[in-house]
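Before any label is accepted for a structure, one may ask what rule stands behind it. The questions below take up such labels one by one.

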Amino acid sequence: MSYAQRPASWVVLLGALACLAAWPRARAEDGWGWQLPRTTGQDLMALDVTAEGGLAACGQDGALVLSGDGGLAWRTAHTRVGVDLRALELVQPVVGPAWLYAVGGEGTLLRSLDGGASFAPLLAPTGVDLYALSFIHPWVGFAAGDQGTIVRTLDGGDTWQPLLLGVSQDLRAVRFADAWTGAAAGEGGLLLTTQDGGQVWQRPAVGVYQTLRAVDLRSACHLVAVGNNGTIAVMRDGATVVLVEPLPTIRNLAGVAFADEQRVVAVGDQGTIVRSEDGGASWSLVPSGVAGDLRAVRLLPDGRGWIAGDAGLLLRSTDFGLTWESLSGPELGWLRAVSFADASRGLAVGDAGLALRTADGGQTWEPVPTSSAARLSAVQLLPDGLHAWAAGASEAGGGRILASLDGGQTWTAQVAEAPQAFYGLRFVDESHGWAVGYAGAIWATADGGATWTPQGSGTGEWLQAVWFADELRGWAVGAHGVSLRTGDGGATWELVPAATGADLLALVFFEDGLRGLAAGRGGVVLASVDGGATWTPAGAAGAQDLFALARSGERVWVAGADGRVLSSSDAGATWSAQSLPTSRSLQGLAFPTGELGFAVGAQGTILVATRGGCASAGGSDDCDGRDSDCDGLTDEDHLDATCGRGSCRQVASCQAGEVRCPPPSLGAEVCDSLDQDCDGLTDEDGAGCGPSQVCRCGACVEACPQGECLLPGFACLRGWCAPECCEVACPAGQRCGPGGVCADPCAEPGAPACGPGEICRLGECVPLDCFAPGQACPAGERCLAGACAPDPCAGQGCPADEFCAEGACLSPLCGGCGPGLRCALGECLPDPCGELACGLAQACVDGQCQNEGCALVGCAEGFRCRGGQCEPDPCAGRACPGDSVCADGLCVVPVDQRDGGPDGGDAGCPVQDDGQDADGQDAADGQDGADAGADGGADAMTDGGADDGGGDGCGCGPSGPGSLAALAWLGLAWLGLTWLGRRRRPQ
């Protein structure tokens, strides 16, 4: 789709400048969100960062989290995909929030134009897993993956074209330093480099067979690649790869990043961090303080750095990677139970005597000592917030019961070593409690735990859960569907008929003591309405094991494996799956109120639920395979979106809880101005025309050597019989008609007679809008897309040499670009159309000759034609100062008003044997090696690309005039492309 048709058009982006200039800060989410770890519990496989502290990380099962303060606070982005996301890039447009791109399994490509608030799938030309992503501009990026795949976009992800590499090995990394200079790496020690934007790739010899999993580069001369078994490969001269010896580690390395020319950090398995201060020549180990695998690293030139890894690990450095601190919270063992006295005070317990305490509703969790290494499986905090008990297995495998009288701050052992381990615990007041466990064990106390007495259960099955309604009525469930009940406080227990052979792991009863629910292995849920005398299967809850039940009033929740939580408002007759940000096993569940809930589980997971776990109570239920609005239906509010553009536009529909963009229906190119093979080009390669024909304006035509055509409606243009309106671009409000003449169809005979409140536009009656004559907006407003809206520039007094854009005074862009360059996004960049001559009825669009989609389209005043469609013209009413002109809503200095641009020079690689540049300057000075930075940075992004010589050494720069290298910048000229030649005058 065209830029103006995207969810965030130029109007939205400019309008976002005032309210979204800063990266979105973390905010509370409805539904379920993370408390520990503070990032996410999913494995993080990639991260990216902006200089302003905007941080994003993505990974397992579509997890994507965002921070606006460098990682201190986080919010979850809802990507609506269940595949692993392997790579992510943040790209800052001219105005508005950062754009996010992410790639992952099964060819998944995602884009967000609103800072991560929403994501849309992009149409991928491949179905292989994608592992790497590198954007050099909001519109120009590369993605790499299995089977030697690299795809490139030149239009912000709307379309992707495969690049020909000539290799079949799986790729794990791709990185570009600028428009031309990039590298890719993968299995079997594969390393590829390019100096022409990916058109041609070289394969320097590496000399290893281990998979290379990450690469980063400063220029075509200097790169570092890392991989399995501690492999580190360094290139300093643009040609020779040197393997680091001795290795600082033999663990797999998965990420590498430069801070500057000399300082480099690589990360890998089991918390490994290695660092170099000499550009990669030598390395040393750096303590990480963590044991989890580290997957990705990013560094900024000011010394700040971040590392992401498994189980939501996030580390931060402020000293170029010398020291690191954890931002994700402590690495914790499994939590197996949680209990709250009220909405504020709660306890969670787990393996190795782990106990956590909160007094602020889980905003902070404080580890508290238990003086025990017991595996604690159950905990209960009474409503007074003071009395608490925990039960589990001792170090020797027996049973242990701990007690606290101060809300869990301190603990003492009431039972130090019972013969059997305990799994369930229940107190009805400060005195009466029961614990159940291995081989049918039931212990009871009537004095707050001062003494505990075994009770006879009548079964040898493991008992997993116990519940008492009062001092007398109680129930217990366990292995193989065993179920017990008592009416005398446990003096006697009755074994009731089993309703299932599955292990029952959780139990809850309602206040009436008659209705109860039990849950267990394989998603089994049983219900009783007669006080546990009989049990029958309840509503289906899936196939995952269920470990915990919780109740608040009449509402019930159940939690289990794979991050599954379901809720029921009808005592378990029907269940609705809730949307959670994890697939970790959840072992404990508590709902102190019907709105607020907590779940704990594997690897120290603590989740908090608002609105009873409903992600959008009373709102929409988007595509995620869950019942987000808790109405008993799943994904019912999802609206199908589109992906791709033109004839390749597809419907992105909700499939099994994921928004999926189907692969394009590739076909042979036919001469019809459409893109049948979905490669971003139209009518190329003959387009199915005969041997003596060419395709012009969607028609296969013959030559007209005598200068005339016999076919009606055709005219001889440049030696070919083409449709007579071919190459005719009509003024606003007109269309090309017979004889190739532009006319206003509303002024021609037979024009429609429009009624009140309508106006004839391009031959059709349309409602009056503010673009119509006499319908101008009042003072202080402007016409946007045909509707009047407040004008943020009203009353804004800008200096004579500036112009107002969305309420801000800006200077015209550029003003100093030389021949062959173009002003785009405020920088002098190569003009992809500078040396390209297109044929009849074609125009240079983003560096490619394409059929002129606007040749036969006339747009009304206030609109413009782009991609064959009329859209609001962002330059309508824009007044630019001086000699500048308006292009896509911003003022740009024309080419003939710009100076000569950057100097000519040579951009060779520095000599490495003495650490000096070829011109005698220090290799670490960060300057242009050939001219010592004399060009003032004008060619910094092109690394010598404007120089008139090819360069020596590694040849950092394009290969000469007409090089295909310029294609990599195709998307960069979006501010001026349409203005600089897409429209043509009528013949």
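What follows is a set of questions and answers on the labels given to parts of this structure.

Q: What makes the values usable, and how are the residues numbered?
A: This is a predicted model, in which local features need pLDDT of at least 70 and side-chain atom pairs count only at pLDDT 80 or more, while totals for chains, interfaces and linings use all residues. Residues are numbered from 1 along each chain as its sequence is written, and side-chain values use heavy atoms, with hydrogens and water left out.

Q: What does the secondary structure of the chain come to?
A: The chain has two helices and 78 strands, where helices (H or I, at least four residues) and strands (E, at least two) are DSSP runs numbered from the N terminus.

Q: Why are β45 and β48 called edge strands?
A: Two strands pair if DSSP finds at least two bridges between them, and an open sheet of four strands is found in the order β45-β46-β47-β48, with antiparallel pairing. Within that sheet, β45 (504-509) and β48 (536-537) each pair on one side only.

Q: How do you know that β45 pairs with β46?
A: Five bridges join β45 to β46 (residues 516-520), and the two run antiparallel; against a requirement of at least two bridges, the pairing therefore holds. One of the bridge partnerships is that of Val508 with Leu517 in β46.

Q: Why is the contact between Phe176 and Trp201 called an edge-to-face aromatic pair?
A: Rings of Phe, Tyr and Trp (its six-membered ring) pair if their centres lie within 6.5 Å, and planes under 30 degrees apart count as stacked, over 60 as edge-to-face and the rest as tilted. Phe176 and Trp201 have 6.2 Å centre to centre and 90° between the planes, so that both conditions are satisfied. The pair links distant parts of the chain, with Phe176 in strand β14 (residues 171-176) and Trp201 in the loop between β16 (191-194) and β17 (212-219), 25 residues apart.

Q: What makes Phe176 and Trp201 count as buried or exposed?
A: Buried means under 20% relative accessible area, exposed over 50%, and partly exposed in between (1.4 Å probe, protein chains only). Phe176 has a relative accessible area of 7% and is therefore buried, and Trp201, at 12%, counts as buried too.

Q: What makes Phe509 and Trp535 an edge-to-face pair?
A: Their ring centres are 5.9 Å apart with 85° between the planes, so the pair meets the rule for edge-to-face geometry. Phe509 lies in strand β45 and Trp535 in the loop between β47 (525-528) and β48, 26 residues apart, and both residues are buried.

Q: How do you know that a charge sits over the ring of Tyr131?
A: The rule asks that NZ of Lys or CZ of Arg be within 6 Å of the ring centre and within 35 degrees of the ring normal. The charged end of Arg172 sits over the ring of Tyr131 at 3.7 Å from its centre, and Arg515 likewise lies over the face of Phe510, at 4.4 Å from the ring centre.

Q: Which residues touch the most other members of the largest nonpolar core, and what makes it a core?
A: A nonpolar core is a set of buried Ala, Val, Leu, Ile, Met, Phe, Trp, Tyr and Cys residues joined through side-chain atoms within 4.5 Å. The largest has 35 residues, of which Leu133, Ile150, Trp160, Leu165, Val174 and Trp201 touch the most other members. Strand β10 (130-137) is among the elements that give two or more residues to this core, and β10 gives the most, with five.

Q: Why is the meeting of Arg295 and Asp310 called a salt bridge?
A: A salt bridge is a side-chain nitrogen of Lys or Arg within 4 Å of a carboxyl oxygen of Asp or Glu, and the N to O distance here is 2.9 Å, so the label applies. Arg295 lies in strand β25 (residues 294-299) and Asp310 in the loop between β26 (305-309) and β27 (314-317), so the pair ties together parts that are 15 residues apart in sequence. Asp310 is buried, with a relative accessible area of 14%.

Q: How do you know that Arg86 and Asp84 form a salt bridge, and what is their exposure?
A: The side chains of Arg86 and Asp84 meet at 3.8 Å, N to O, which is within the limit and therefore counts. Arg86, at 26% relative accessibility, is partly exposed, as is Asp84 at 22%.
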